[in-house]
Amino acid sequence: MDRKAPEQDEPLFVTRPQLPPLEEVMPYLEEIWRTHQLTNKGPFHEQLEAALCDYLGVEHISLFANGTLGLVTAMQALRLTGEVITTPYSFVATANALLWNDLTPVFVDVDPVTLNLDPAQVEAAITPKTSAILPVHVYGQPADVEGLQHIADLYGLRLIYDAAHCFGVEDEGGSILRHGDMSILSFHATKVFNTFEGGAIVSPDAKTKQRVDYLKNFGFANETTVVAAGINAKMNEFQAAIGLAQLQHIDEAIARRARLDDIYREALADVKGIRCPPVSRAARYNHAYFPIFVEDDYPLSRDELYFRLRENGIYGRRYFYPLIPEFPMYGNLPGIENRDWPIAHAASERVICLPMYPDLTDEQARRIAMVCAEPGGSA
Ligand code: T4K
């Protein structure tokens, strides 16, 4: 990839958004300027939908202005009601999307290894008001799709995956996005594949995609017919053009992330008190994040290490701290005082996501690991 690596003393953020070479973007811009087609199902929008179906190995994709609007629209499309069981260990957008739909999030604890929803905990939280399960494939690590589908089938619940971190992830049967009733991707700047802002819904069939497409365009079925109270969540031509250019480099970008993952893992393997994430069991993983967990036998607390890294120009992120239900505004949900999430809470108190992006050099990754290994030394 023809991009300049960051200078040695540039801050190392948890991510540095991936950009395609400018000269590869210019022809798209010239075309937009020539045709004046800026949005509303333009040619680049259509091309990107087709190209993503092809790349991701799914049949029905609807592009969105961002992932959060994708989540909000998916819940409308599936006409969810009442309570939805979800994870406390996610970005706040997951649960906010439920509140925007007047749905009640019911947070249950996660699996200690994958940090994804635990099907047994989900089953125990089902009530007559439950209409759906909303798991997140956190850090791009696949949730227990079979266990969750089994529960959804048994109780007649919808299953919607927040797959914001999951671009390109596969299990033995193919794309992880094929599971459940819908999967929602984010193409935000900080993601493995970005269109600056952007997102998508993967639908299981053409009829569902049609409904999603109506809903993201005000509910218009044709020029004079509105069939639902839709919203404006359309991806524009500039975003779609960026996506087409990014897609040319995605395999290389994921391979580079895999290399950085190896470097971190090797350099941190023997550091007492630092636990690395489990090696992914996905048939194809995207290395979206590299979370480390700071245990009790580490000489510093998690926050001390976090700030120690910052003093060295290394800006990790505590994804996901605090837990969503620990944000004060979530404290008013009915019954929330009777719930706790010990596994998610412990992860949230210990996690730091280290910088992970294709422009990070091997040497920089080793330097970051060195600060973790010798927090008293100078990097
Ligand atoms: N579901 C899940 C599970 C999600 O993780 C997310 C989003 C969503 C749903 C919603 O999808 P979107 O509606 O966003 O499509 C970031 C992102 O804003 C958010 O997209 C993401 N998850 C979340 C995990 O992280 P922040 O507040 O941590 O990002 P920010 O702006 O602090 O950026 C992190 C670092 O990246 C900065 O320190 C510097 C660097 N950066 C960032 C941006 C935006 C750049 O160098 N350039 C940039 O343009 O939330």
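Me: Let's start small: where is the place of Arg34?

Reply: Arg34 sits in helix 1. Helices (H or I, at least four residues) and strands (E, at least two) are DSSP runs, numbered from the N terminus. Before we go on, this is a predicted model: local features need pLDDT of at least 70, side-chain atom pairs count only at pLDDT 80 or more, and totals for chains, interfaces and linings use all residues. Residues are numbered from 1 along each chain as its sequence is written, and side-chain values use heavy atoms, with hydrogens and water left out.

Me: Is Arg34 buried or exposed, and what does its side chain make a polar contact with?

Reply: Buried means under 20% relative accessible area, exposed over 50%, and partly exposed in between (1.4 Å probe, protein chains only). Arg34 has a relative accessible area of 60%, so it is exposed. A polar contact is a pair of N or O atoms within 3.5 Å; within protein, one must be able to donate a hydrogen and the other to accept it, and residues adjacent in sequence count only if both atoms are side-chain atoms. Here the side chain of Arg34 makes such a contact with the side chain of Glu31, at 3.0 Å.

Me: How should I read helix 2, and which of its residues are buried?

Reply: Begin with the span: the expected value is 1.5 Å times one less than the number of residues. Helix 2 (residues 43–56) has 14 residues and reaches 20 Å from its first C-alpha to its last, close to the expected 20 Å. Its buried residues are Phe44, His45, Leu48, Glu49, Leu52, Cys53 and Leu56. Taking contact as heavy atoms within 4.5 Å, these residues pack against several elements, including helix 1 (22–35), strand 2 (60–64), helix 7 (206–216) and helix 8 (237–247). Just after helix 2, Gly57 takes a positive phi of about 75 degrees.

Me: Glu49 is on that buried list. What does Glu49 form a salt bridge with?

Reply: Side chains of opposite charge can pair when their charged atoms come close. The rule for a salt bridge is a side-chain nitrogen of Lys or Arg within 4 Å of a carboxyl oxygen of Asp or Glu. Glu49 pairs in this way with Lys209, the closest N and O atoms being 3.0 Å apart. Because Glu49 lies in helix 2 and Lys209 in helix 7, the pair ties together parts that are 160 residues apart in sequence. Both ends are buried: Glu49 has a relative accessible area of 10% and Lys209 one of 15%. Glu49 and Lys209 also belong to a network of salt bridges with Asp213 and Lys216.

Me: How many salt bridges does the rule count?

Reply: The count comes to 19 salt bridges. Among them is the pair of Arg158 and Asp181, at 3.2 Å from N to O. Arg158 lies in strand 6 (residues 158–162) and Asp181 in the loop between strand 8 and strand 9, so this pair ties together parts 23 residues apart in sequence. Another joins Asp303 to Arg302, with the closest N and O atoms 2.6 Å apart. Asp303 is partly exposed at 28% relative accessible area, whereas Arg302 counts as buried at 5%.

Me: Which backbone features should I look at in the loops?

Reply: Try the cis peptide bonds. One joins Tyr319 and Phe320, with omega about 15 degrees, and another joins Tyr321 and Pro322, with omega about -10 degrees. Phe320 lies in the loop between strand 15 (314–315) and helix 11 (342–350), and Pro322 is also in the loop between strand 15 and helix 11. Then check phi. Asp102 is not a glycine, yet has a positive phi of about 60 degrees; this residue lies in the loop between helix 4 and strand 4 and is exposed at 70% relative accessibility. His287 has a positive phi near 55 degrees, but counts as buried at 14%.

Me: Finally, what does the domain assignment give?

Reply: Domain bounds come from an automatic or database domain assignment, which here gives domain 1 (22–247) and domain 2 (250–373). The contact takes 41 residues from domain 1 and 36 from domain 2. Buried area is the accessible area (1.4 Å probe) that two parts lose on being put together, summed over both. Between these domains it is about 3,200 Å², with carbon and sulfur atoms giving 64%. The count of salt bridges between them is zero, while 19 residue pairs are in polar contact across the interface.
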